[in-house]
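Subject: Structure handover

Hello,

Here is the structure I said I would pass on. Please look it over before reading the notes under it.

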Amino acid sequence: MSESLPESAMLTERAERLDAADELAKVRDRFELDDAVYLDGNSLGALPSAVAPRLQDVIAREWGSLRIRSWDESGWWTAPERVGDRIAPLIGAAPGQVVAGDSTSVNVFKAVVAAVRMAGAGRDEVLVDAATFPTDGYIAESAARMTGCRIRAVAASDMAAEAGPRTAVALVNHVDYRTGRLHDLPGVTAAAHAAGALVVWDLCHSAGALPVGLDEHGVDLAIGCTYKYLNGGPGAPAYLYVRRELQPRFDSPLPGWNSHRDPFAMEAAYRPAQGSARGRVGTPEILSLLALDAALDVWDGVGIEAVRAKSLALTDLFLECVAAYVPAGLVESTTPAAHEHRGSQVALRCAGAEEVMRALIARGVVGDFRPPDILRFGFTPLYTRYADVLRAARTLGSVLEGNT
Ligand SMILES: *Cc1c(COP(=O)(O)O)cnc(C)c1O
């Protein structure tokens, strides 16, 4: 057993000290949580307490009583832009550039096709992150085929060097969903621009966990989901960011009537809306959109820099506790040790990972398993305590000792 008593006492004391000094500790009270240690908020964020009463009102009053009047009187029609503007500060975007709606997969399609259309003649190559979350790769391949481009898979770390004169667009995951590696958004964006290409960032595993800085770094397009670190709920609408200067040239491959300049004129000819509404498609998913709207209340008074600082402290502590409590050689972290390369999760390679995760969940420590052999632990600074980190690593140690 690798756990020595003095070391264990030191880690316990350190976790207590960090929890006592945690300026985000009270944000946890804005969520519905139980005794389990929930480290799967990078897959489905916990439920914010504001959501159920808000949805109850939306259903009973806005839908039940006001009915059709709510499209106007309850602000349903403009909710995609309004909710987009609430997400915007979390990803470093000024207002008017983010619209909420559709799934991430659908927004990948809009973004990649629109980027190819903006890239101009002679650019017929779509670069895709070789380790991408599968849906991005599948959709990008189809988008490339439809636009007469060829697709080339490139490691995200090589993306800057690989963008060339034929590249129309590079589609990159900001944080790798499997390893938790954080990619170089400023560097890749600058390199793509230097090559004359556009870049689409997938923020699914970074938005709500760390500063993104879309405007600051001149990102062209970005997409992301809201049910992970943004706690919007299962199937919550995704979002699309189009940099303001590009909006007039954004030619949507899905020009539904909601993105028309005058939707209720019911014109035969399509004329695109100005601003972020151009990224809309059809009738918005109002119930889940307003659940997301309520879920975003948890961010009131919370700065993303403080979230990032706590995220790194949580993952640092977890890596140290794993080293202390898990017998040597049984797990290997694939998450970068360097802060500048680390997202907000820790991925541990482990023999029999699927069964190990099942045993952890049975003991009240909830992470997830990704094939072939990855234990994934997501750290959500708004509601994860340092004491949870300690308990997770200790439980992992005792599960693995039982296995040896
Ligand atoms: C979670 C995730 C998605 C999910 O796409 P959906 O359309 O919401 O199913 C896409 N891309 C990445 C990188 C993800 O992490």
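The notes below go through helix packing, a few buried residues and some backbone details.

Please keep in mind that this is a predicted model.

Helix 9 and its two neighbours

Helix 9 covers residues 286-295 and packs against helix 2, residues 51-65. The angle between these two helices is about 140°, and their axes are 9 Å apart. An angle over 145 degrees would count as roughly antiparallel; helix 2 and helix 9 are therefore oblique to each other. The crossing of helix 2 with helix 9 is right-handed. On the helix 2 side the contact is made by V51, R54, L55, V58, I59, E62 and W63, and on the helix 9 side by L287, L290, A291, D293, A294 and A295. Sorted by class, the residues of this contact are 10 nonpolar and 3 charged, with no polar ones.

Helix 9 also meets helix 4, which runs over residues 79-87. Here the axes come within 10 Å and cross at roughly 30°. Angles under 35 degrees count as roughly parallel, so helix 4 and helix 9 are described as roughly parallel to each other. Helix 4 passes helix 9 in a left-handed crossing. From helix 4, the residues involved are A79, P80, R82, V83, R86 and I87; from helix 9, they are L289, L290, L292 and D293. This contact of helix 4 with helix 9 holds 7 nonpolar residues, 3 charged residues and no polar ones.

D293 in helix 9 appears in the contact with helix 2 and in the contact with helix 4. Is D293 buried or exposed? Its relative accessibility is 7%, and the limit for buried is under 20%, so D293 counts as buried. Leaving aside residues up to four places away in sequence, D293 touches R54, R82, V83 and R86. As for distances along the chain and in space, D293 and L319 are 26 residues apart in sequence, and their C-alpha atoms are 34 Å apart.

Helix 6

Does the length of helix 6 fall in line with or against what its residue count predicts, and why? Helix 6 has 13 residues, 134-146, and at 1.5 Å a residue it should span 18 Å; the C-alpha atoms at its ends are 19 Å apart, so the two values agree. The expected span uses one less than the number of residues.

Within helix 6, the buried residues are T135, D136, G137, I139, A140, A143 and A144. What do the buried residues of helix 6 pack against? They pack against one helix, helix 5 (104-119), and against these strands: strand 5 (125-129), strand 6 (150-154), strand 7 (167-173), strand 8 (198-202) and strand 9 (221-224). After helix 6 comes G148, which has a positive phi, near 70°.

Two residues of strand 9

Strand 9 holds A222 and G224. A222 has a relative accessible area of 0% and is therefore buried. G224 has 0% relative accessibility, so G224 counts as buried too.

Not counting residues up to four places away in sequence, A222 touches W201, L203, L214, Y239, L240 and Y241. On that same basis, G224 touches T104, L203, C204, A238 and Y239. L203 and Y239 are thus among the residues touched by A222 and among those touched by G224.

A222 and D29 are 193 residues apart in sequence and 31 Å apart in space, C-alpha to C-alpha. For G224 and A324, 100 residues apart along the chain, the C-alpha separation is 36 Å.

Backbone details

Most residues other than glycine have a negative phi, and most peptide bonds are trans. Three places depart from that.

- N231 is not a glycine, yet its phi is positive, about 60°. N231 is placed in the loop between strand 9 and strand 10 (239-242), and at 3% relative accessibility it counts as buried.
- M266, also a residue other than glycine, has a positive phi near 50°. M266 is in the loop between strand 10 and helix 9, and with a relative accessible area of 58% it is exposed.
- The peptide bond from P371 to P372 is cis, with omega near 0°. P372 is found in the loop between strand 14 (368-370) and strand 15 (374-378).

Regards

Definitions and conventions
Residues numbered from 1 in each chain as written. Predicted model: local features only at pLDDT ≥ 70, side-chain atom pairs only at ≥ 80, totals over all residues. Heavy atoms only, no water. Helix = DSSP H or I, 4+ residues; strand = E, 2+ residues; numbered from the N terminus. Buried < 20%, exposed > 50% of the residue type's maximum accessible area, 1.4 Å probe, protein only. Contact = heavy atoms within 4.5 Å. Axes fitted to C-alpha atoms, helices over the stretch in contact; angles between N-to-C directions. Parallel < 35°, antiparallel > 145°, perpendicular 65-115°, else oblique. Left-handed = near helix turned anticlockwise from the far one by under 90°. Nonpolar A, V, L, I, M, F, W, Y, C, P; charged D, E, K, R; others polar.
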